[in-house]
Amino acid sequence: MSYPELHMIIDGEKIPVGHRRAHTVVNPATGAALGALPLADAADLDRALAAAQRGFRLWRDAAPQQRAAVLAGAARLLRERQEELARIATLEEGKALAESRTEVMMNVTLFEFYAGECHRLYGRQLVRPTGMRSTVVCEPVGPVAAFAPWNFPIGNPGRKLGAPIAAGCSVILKAAEEAPASALAVLQCLLDAGLPKEVGQAVFGVPDEVSRHLLSSPIIRKLSFTGSTVVGKHLMKLAAEDCKRTTMELGGHGAVLVFDDVDVEQVLNVMVASKFRNAGQVCISPTRFIVQQDVYERFLAGFTARAQQWRVGNGLEADVQMGPMANPRRPEAMERLIGGAVSAGARLHTGGRRIGTQGYYYYAPTVLSEVPLSTAIMNEEPFGPVALVNSFRTEEEMIAEANRLPYGLAAYSWTNDAARQKRLAREVETGMFCINTTVLGGPDAPFGGVKWSGHGSENGPEGVMSCMVVKAVHEGDA
């Protein structure tokens, strides 16, 4: 399959490179160039803003049936184009093709759910004396600037586009320059399903230039961002200048509490696959394995043995379990963080090195133990294929370690003690918490974190409501 020609989409027009600056998109599995991506200049961004302003006036008045039809139609097209989109995502980001296929279906179910939500944007009527009427209504917030990262090149744009469209907002999507064709394909499904051209735009560019230009405009009324905490804090400051609404899905450092009353083999069968999914480049990736001492040695040995057998290679090849990392920054970060931990006394059981001869970004699945809490890797999100396994004695110590960091996106626990399950659900500080499972996502479930992991939610009714504002209307007899 050939790689598509790259462009931006502004007011329904596909904008090629032309005279503009360009970014070279690279296949992380081979290091080969895939294509040249046009980078927006100020005039392009102003044109996108003007289109979004017109699109909001049009789409906020669209009937819920029309919005629902667009989302449901896009879901059908995504399903029909699944293989094409999955292969593009694997070419751009590197993940195993099976994961990319699943990612397409995540968008399908999300768009189908949001299509239903278009008919459930309820308000309420308040109890008032005769002659008075008070109602609470929800209205679309306005044009949305949405910034999506590269790690889920289909799923992240789907979230950023689906919620505003369901709510009646227009949206300007700035997806990652590393994976543009995937994002463009998602938007194209919406346009092909009948989304008015003014409602959805896709631009690319120098991230700081684009974010400053869009967020300084009074046209934009909402910022939706998925990415690192450092960048998220910067964007929140820009949005605060105009008091824009924000939904921020930021970094994580997923804690996994493993207690001594579990079947260790069952836990390993689930958690190793979850750890190395997408080469660990997942905001909810399980990272700090907080293991009770009586099962610690068995857990560590089993995790190491499985990691050593994990099949790494080009994501398009059959039977590959983990592809390359997505860009040169990630293996460089792995070398810094893992090297620093080993120098500080951590034990390296497997991995800790680049592998392969093709491309530049393959990194071996890695297991560290006895990692000092003061090391950078125990305090910064590693965002890579590394498991940090430490031993703890009591439940209280394990909860304290889970809550030690300022991050709180996702956490996991494994225990068969029903009372303990309830305590953990109450005490662990996180936006999403799993007990004896890793399945935390779903189109109907809110996805978001607390503390430095951000605020607000995507998915679920909460995702649509984050693109709406509440208005109270009070009426009396004239």
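**Figure 1. E370 sits in the loop between β15 (366-369) and β16 (386-392).** This is a predicted model. Phi of E370 is near 50 degrees. That is a positive value in a residue other than glycine. Most residues other than glycine have a negative phi. E370 has a relative accessible area of 44% and is therefore partly exposed, since the buried class ends at 20% and the exposed class begins over 50%.

**Figure 2. C243 also has a positive phi, near 55 degrees.** C243 is a residue other than glycine. Its place is in the loop between α8 (229-240) and β11 (245-249). The relative accessibility of C243 is 64%, so C243 counts as exposed.

**Figure 3. β3 and β4 form a hairpin.** Strand β3 covers residues 22-26 and strand β4 residues 33-38. The two pair in the antiparallel sense, over 5 bridges. H23 stands opposite L37 in β4. Between the strands lie 6 residues. In the turn, G31 has a positive phi of about 80 degrees.

**Figure 4. A salt bridge joins E112 and R79.** The structure holds 30 salt bridges. Side chains of opposite charge can pair when their charged atoms come close. Here the N to O distance is 3.1 Å. The pair links distant parts of the chain, 33 residues apart. E112 is in helix α4 (residues 97-117), and R79 is in helix α2 (residues 64-80). Both ends count as partly exposed: E112 has 37% relative accessibility and R79 has 38%.

**Figure 5. R133 and E475 form a salt bridge between two strands.** The closest N and O atoms are 2.9 Å apart. R133 lies in strand β6 (residues 132-140), whereas E475 lies in strand β22 (residues 468-476). The pair therefore ties together parts that are 342 residues apart in sequence. R133 is partly exposed, at 40% relative accessibility. E475 is partly exposed too, at 35%.

**Figure 6. K174 and E177 form a salt bridge between buried residues.** The closest N and O atoms of this pair are 3.0 Å apart. Both K174 and E177 are buried.

**Figure 7. Four charged residues are linked in a network of salt bridges.** The members are D11, R54, K197 and E198.

**Figure 8. The largest nonpolar core holds 83 residues.** In soluble globular proteins, nonpolar side chains tend to be buried together. Within this core, L71, L190 and L195 touch the most other members. Helix α6 (residues 180-192) gives the most to the largest core, with 9 residues. L190 touches V70, L71, A74, F111, L161, I165 and L195. That list leaves out residues up to four places away in sequence. Another core, of 49 residues, lies apart from the largest one. Its members include V264, L268, Y412 and C434.

**Figure 9. The second largest pocket is lined by 16 residues.** Rolling a probe the size of a water molecule over the atoms shows where empty space is left. The volume of the second largest pocket is about 260 Å³. P4, E84, L184, A185 and Q188 are the lining residues that lie nearest its centre. α3 (82-93) and α6 each supply at least two residues of the lining. α6 gives the most, with 5 residues. Helix α6 is also the element that gives the most to the largest nonpolar core.

**Figure 10. A279 is a buried loop residue.** Its place is in the loop between α9 (264-276) and β13 (286-292). A279 has a relative accessible area of 1% and is therefore buried. It touches M322, G323, P324, M325, G384 and P385, not counting residues up to four places away in sequence. A279 and E177 are 102 residues apart in sequence. In space, the two are 20 Å apart, C-alpha to C-alpha. E177 is the salt-bridge partner of K174 shown in Figure 6.

Terms used: Residues are numbered from 1 along each chain as its sequence is written. This is a predicted model: local features need pLDDT of at least 70, side-chain atom pairs count only at pLDDT 80 or more; totals for chains, interfaces and linings use all residues. Side-chain values use heavy atoms; hydrogens and water are left out. A salt bridge is a side-chain nitrogen of Lys or Arg within 4 Å of a carboxyl oxygen of Asp or Glu. Helices (H or I, at least four residues) and strands (E, at least two) are DSSP runs, numbered from the N terminus. Buried means under 20% relative accessible area, exposed over 50%, partly exposed in between (1.4 Å probe, protein chains only). Two strands pair if DSSP finds at least two bridges between them. A nonpolar core is a set of buried Ala, Val, Leu, Ile, Met, Phe, Trp, Tyr and Cys residues joined through side-chain atoms within 4.5 Å. Contact means heavy atoms within 4.5 Å. On a 1 Å grid over the protein atoms alone, a cavity is a set of points where a 1.4 Å probe fits but cannot get out, and a pocket is an open set with protein on both sides within 12 Å along at least five of seven lines; lining residues have an atom within 4 Å of a point. Grid points are joined across faces, edges and corners, and a volume is the space filled by probe spheres set on the points.
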